[in-house]
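Q: Hey, got a minute to walk me through a structure? I'd like to start with the ligand and then get to the aromatics.

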Amino acid sequence: MPFSRIAGTGGYLPPQIVTNQDLERLVDTTDDWIVERTGIRQRHIAKAECASDLALPAAQRALEMAGRRADEVDLIVMGTSTPDLVFPSTACRLQHKLGISQCAALDVNAACSGFVYALSVADSFIRSGTYQCVLVVGSEVMSRLMDWSDRTTCVLFGDGAGAMLLEASTEPGIFSTHIHSDAAYEELLYVSGGVSCAVDPAAQHGAFLRMKGNEVFRFAVNTLGRIVDETLEANGMRREDIDWLVPHQANIRIIQATARKLRLPMENVVLTVERHGNTSSASIPLALDEAVRDGRIRRGDNILMEAFGGGFTWGSALARF
Ligand code: ACO
C-alpha cells in the first residue's frame, strides 16, 4: 500500500495587517488583554479577496516546491468553513484559477480542524491507490464571519491560506491521521446563519461566529491531550520521537498545554499565532510552510499536527517530512 509523502508546502497571507492597537479603537479591549489571554499581537485581514484567491498563491508555492505542474494534480481537497460560495465549491474555483480541469475537487468543512480533516481525506485516497498527486489546502476568510462589535471573538481570528502537495511514495510521509467529532456542544461554538437552517435571530442580519471561549478552551485542552496519546499509540511511538509540534494556532495557552503533554520544549513548537491570529483551517499549513522554508523543519523530521474546532471537531496527523 502506498504512503503519502509531503512533496511541497506553500502559504499566503493577505497584505493588510490589523494590530491589537487597531482593535482597541473598535471595541472595548486592550493589547495587554489580547496578548496575555491569547498570545495574538496582529492578524492579516483580506480586503476584497475570497478564500480561493488566498488559496491560489499558497497552492502555486506548494506545487513549485514539489517541482510539479498544476495539471499533474489528481485531486484538490480544500479545508474551509468560509467558502467563496455554497457552490461551486472553493476547491472547484481554485482548480479553475490554477488553469486546470478534469481532476476531482471537493471542500471539507470541519471548522478549525478543516486542514487535518482534508489531509485525512487526501491521505486515504493516496493509500487506496486511487490518486498519486493530491493538493491539500486550508483557506479562510474568517474576518467575514466576525461580528466586529463582539470583543470576545473579533480579536481572535485572521485570514490566510496554506497548502501541501502530497505524492504517493513507498515510504511515509504521513504515518496516520485521526479525526473525531461530537456535535453535543454546538451552542459553545457555531455560526449564527446558514442556508437551510437559521439557528438564531441574528442570522437575519448575517452569519456571525459565536463562541463561549472559556468553555471551548477547557474542552480543547483535554481533547488535544487525549489525541496526542491516541496518535503516539497508533504508531508505537514515544513522546521523544516527535521533533516538531505544528499545532492549530487558536491560543498560545492551548498550544503550551499540548507541548507540556508531549514534554516538548517550546523551541520545537512552530508558532504563528502571535502574527497570524487564528486562521482556522489555514493555520497548520501556514505554520508548517513557514518552518520548512526557514529551515527549521528538515527532511526526516517527525511532525505532529493537531487541531480542535467548531463541531466540535478535532484531529491529528503524524508525518515524517
Ligand atoms: N478584551 C477585554 N476583555 C475581554 C475580551 C477582550 N477582547 N474578551 C473577553 N473579555 C472579558 C470577558 O468579558 C470576561 O470578563 P468578566 O470576567 O468581567 O466576565 C473576561 O475577559 C474573561 O473572559 P474569558 O472568556 O473567561 O477569558 P479566557 O481567559 O477564557 O480567554 C479566549 C478567552 C481567548 C477566547 C479563550 O477562552 C480561548 O482561546 N478559547 C478557545 C478558543 C478555541 O480554541 N476555539 C476553537 C477554534 S475556533 C473555530 O473552530 C472556528
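A: Sure, we can take the ligand site and then the aromatic rings, keeping in mind that this is a predicted model.

Q: Which residues come nearest to the ligand?
A: Thr29, Arg37, Cys112, Asn251 and Gly310 come nearest, out of 27 residues around the ligand.

Q: What does Thr29 do with its polar side-chain atom, distance-wise?
A: That atom of Thr29 sits 2.7 Å from a nitrogen atom of the ligand. There are backbone contacts to look at too: a polar backbone atom of Arg151 is 2.8 Å from a ligand nitrogen, and one of Gly213 is 3.0 Å from a ligand oxygen.

Q: How much of the ligand does the protein bury?
A: The protein buries 75% of the 1000 Å² that the ligand exposes when taken alone.

Q: Okay, and which elements give two or more residues to the shell?
A: Those are the helices and strands α2 (31-38), α6 (151-154), β10 (209-211), α7 (213-234), α8 (252-262) and β12 (302-309). The largest share comes from α7, with 4 residues.

Q: How does the shell divide into nonpolar, polar and charged?
A: You get 14 nonpolar residues, 9 polar ones and 4 charged ones.

Q: Where does the ligand lie relative to the two domains?
A: It lies between them, because domain 1 (3-172) and domain 2 (176-320) both give residues to the shell.

Q: Switching to the aromatics. How many pairs does a search of the whole structure find?
A: It finds 8 aromatic pairs. One of the pairs is Phe125 with Tyr131, where the ring centres are 5.3 Å apart and the planes are at 50°. That angle falls between the 30 and 60 degree cut-offs, so the pair counts as tilted.

Q: Is Phe125 buried, partly exposed or exposed?
A: Partly exposed, because its relative accessibility is 29%.

Q: And how are the rings of Phe219 and Phe308 arranged?
A: Their centres are 5.9 Å apart with the planes at 45°, so that pair is tilted. Phe219 is in helix α7 and Phe308 in strand β12, so the pair links distant parts of the chain, 89 residues apart.

Q: Is Phe308 buried or exposed?
A: Phe308 counts as buried, because it has 6% relative accessibility and the cut-off for buried is under 20%.

Q: Which residues form one aromatic cluster with those two?
A: Tyr185, Phe312 and Trp314 join Phe219 and Phe308 in one cluster.

Definitions and conventions: Residues are numbered from 1 along each chain as its sequence is written. This is a predicted model: local features need pLDDT of at least 70, side-chain atom pairs count only at pLDDT 80 or more; totals for chains, interfaces and linings use all residues. Side-chain values use heavy atoms; hydrogens and water are left out. A residue is near a molecule or strand if one of its heavy atoms lies within 4 Å of it. A polar contact is a pair of N or O atoms within 3.5 Å; within protein, one must be able to donate a hydrogen and the other to accept it, and residues adjacent in sequence count only if both atoms are side-chain atoms. Accessible areas come from the Shrake-Rupley method with a 1.4 Å probe; for residues, only the protein chains shown count as cover. Ala, Val, Leu, Ile, Met, Phe, Trp, Tyr, Cys and Pro count as nonpolar, Asp, Glu, Lys and Arg as charged, and the others, Gly among them, as polar. Domain bounds come from an automatic or database domain assignment. Rings of Phe, Tyr and Trp (its six-membered ring) pair if their centres lie within 6.5 Å; planes under 30 degrees apart count as stacked, over 60 as edge-to-face and the rest as tilted. Buried means under 20% relative accessible area, exposed over 50%, partly exposed in between (1.4 Å probe, protein chains only).
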